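Work through the exercises below with the model open beside you. Try each task before reading its solution.

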Amino acid sequence: GQSVLALQRYARPDMIVSFEPNPALAKRLENSFATDAGVRIEAMALGDQPGNFDLFVPSYRGFTYDGLASLDYQSAAQWLN
């Protein structure tokens, strides 16, 4: 969201397309920019291979650490150690 807001403020493009692989965050972005015709949210990741992949989002004691999400389970979980 903050990247979209920064682009709107400083670059002022006609259209911003934001790609968000985390479904929960994508939904929040869709809700935040629902009335903004200049923003389109795509609930998907970009990569060098086509396919469907699991995104592991670690959480601890009810707090979700979405910034530590990874396609690799061990990478997402290792911060607990």
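## Exercise 1: The second largest pocket

The residues lining the second largest pocket are Gly1, Ser3, Val4, Leu7, Ile16, Val17, Ser18, Phe19, Glu20, Leu25, Arg28 and Leu29. Keep in mind that this is a predicted model.

**Task.** Which elements give two or more residues to this lining, and which gives the most?

**Solution.**
- Step 1. Start with the volume, which is about 190 Å³ for the second largest pocket.
- Step 2. Assign the lining to elements. H1, S1 and helix H2 (23-32) each give two or more residues.
- Step 3. Rank them. S1 gives the most, with four residues.
- Step 4. Sort the lining by class. There are seven nonpolar, three polar and two charged residues.

## Exercise 2: The largest pocket

**Task.** What is the volume of the largest pocket, and which residues lie closest to its centre?

**Solution.**
- Step 1. Read the volume of the largest pocket: about 330 Å³.
- Step 2. Find the centre. Of the 14 lining residues, Ala45, Leu46, Gly51, Phe53 and Leu71 are the closest to it.
- Step 3. Class the lining of the largest pocket. Nine residues are nonpolar, four are polar and one is charged.

## Exercise 3: Aromatic pairs

**Task.** How many aromatic pairs does a search of the whole structure find? Describe the geometry of each.

**Solution.**
- Step 1. Count. The search of the whole structure gives two aromatic pairs.
- Step 2. Take phenylalanine 56 and tyrosine 73. Their ring centres are 5.5 Å apart and their planes stand at 85°, so this pair is edge-to-face. The cut-off for that label is over 60 degrees.
- Step 3. Place the two partners. Phenylalanine 56 sits in the loop between strand S2 (39-42) and strand S3 (59-60), and tyrosine 73 in helix H3 (residues 73-77), so the pair ties together parts 17 residues apart in sequence.
- Step 4. Check exposure. Phenylalanine 56 has a relative accessible area of 28% and is partly exposed.
- Step 5. Take phenylalanine 63 and tyrosine 65. The centres of their rings are 4.7 Å apart with planes at 70°, so this pair is edge-to-face.
- Step 6. Check exposure again. Phenylalanine 63 is partly exposed at 49% relative accessible area. Tyrosine 65 is partly exposed at 27%.

## Exercise 4: Positive phi

**Task.** Arginine 12 and arginine 61 are worth a look at the backbone. Where does each lie, and is each buried or exposed?

**Solution.**
- Step 1. Look first at helix H1 (residues 2-11). One of its ten residues is buried, so H1 lies largely in the open.
- Step 2. Move past its end. H1 is followed by arginine 12, with a positive phi near 55°. Arginine 12 is a residue other than glycine.
- Step 3. Place arginine 12. Its loop runs between H1 and strand S1 (16-19).
- Step 4. Test accessibility. Exposed means over 50%. Arginine 12, at 64%, counts as exposed.
- Step 5. Turn to arginine 61. Its phi is near 50°, again positive in a residue other than glycine.
- Step 6. Place arginine 61 in the loop between S3 and strand S4 (63-64). At 74% relative accessibility, arginine 61 is exposed.

## Exercise 5: The salt bridge

**Task.** Which side chains meet in a salt bridge?

**Solution.**
- Step 1. Search the whole structure. One salt bridge turns up.
- Step 2. Name the partners. The side chains are those of arginine 40 and glutamate 42, at 2.7 Å from N to O.
- Step 3. Check exposure. Arginine 40 is partly exposed, with 42% relative accessible area.

## Exercise 6: Two buried residues

**Task.** What do alanine 26 and asparagine 22 touch, not counting residues up to four places away in sequence?

**Solution.**
- Step 1. Place alanine 26 in helix H2. Its relative accessible area is 1%, and it is buried.
- Step 2. List the contacts of alanine 26 beyond four places in sequence: Glu20, Ile41 and Ala43.
- Step 3. Add a backbone distance. The C-alpha atoms of alanine 26 and methionine 44 are 8.4 Å apart, with their positions 18 residues apart along the chain.
- Step 4. Place asparagine 22 in the loop between S1 and H2. At 7% relative accessibility, asparagine 22 is buried.
- Step 5. List the contacts of asparagine 22, with the same four-place limit: Leu55, Val57 and Asp66.

Terms used: Residues numbered from 1 in each chain as written. Predicted model: local features only at pLDDT ≥ 70, side-chain atom pairs only at ≥ 80, totals over all residues. Heavy atoms only, no water. Phe/Tyr/Trp six-rings, centres within 6.5 Å; stacked < 30°, edge-to-face > 60°. Buried < 20%, exposed > 50% of the residue type's maximum accessible area, 1.4 Å probe, protein only. 1 Å grid on protein atoms, 1.4 Å probe; cavity = no way out; pocket = protein on both sides within 12 Å on 5 of 7 lines; lining within 4 Å. Points joined across faces, edges and corners; volume = space filled by probe spheres on them. Nonpolar A, V, L, I, M, F, W, Y, C, P; charged D, E, K, R; others polar. Salt bridge = Lys/Arg side-chain N within 4 Å of Asp/Glu carboxyl O. Contact = heavy atoms within 4.5 Å.
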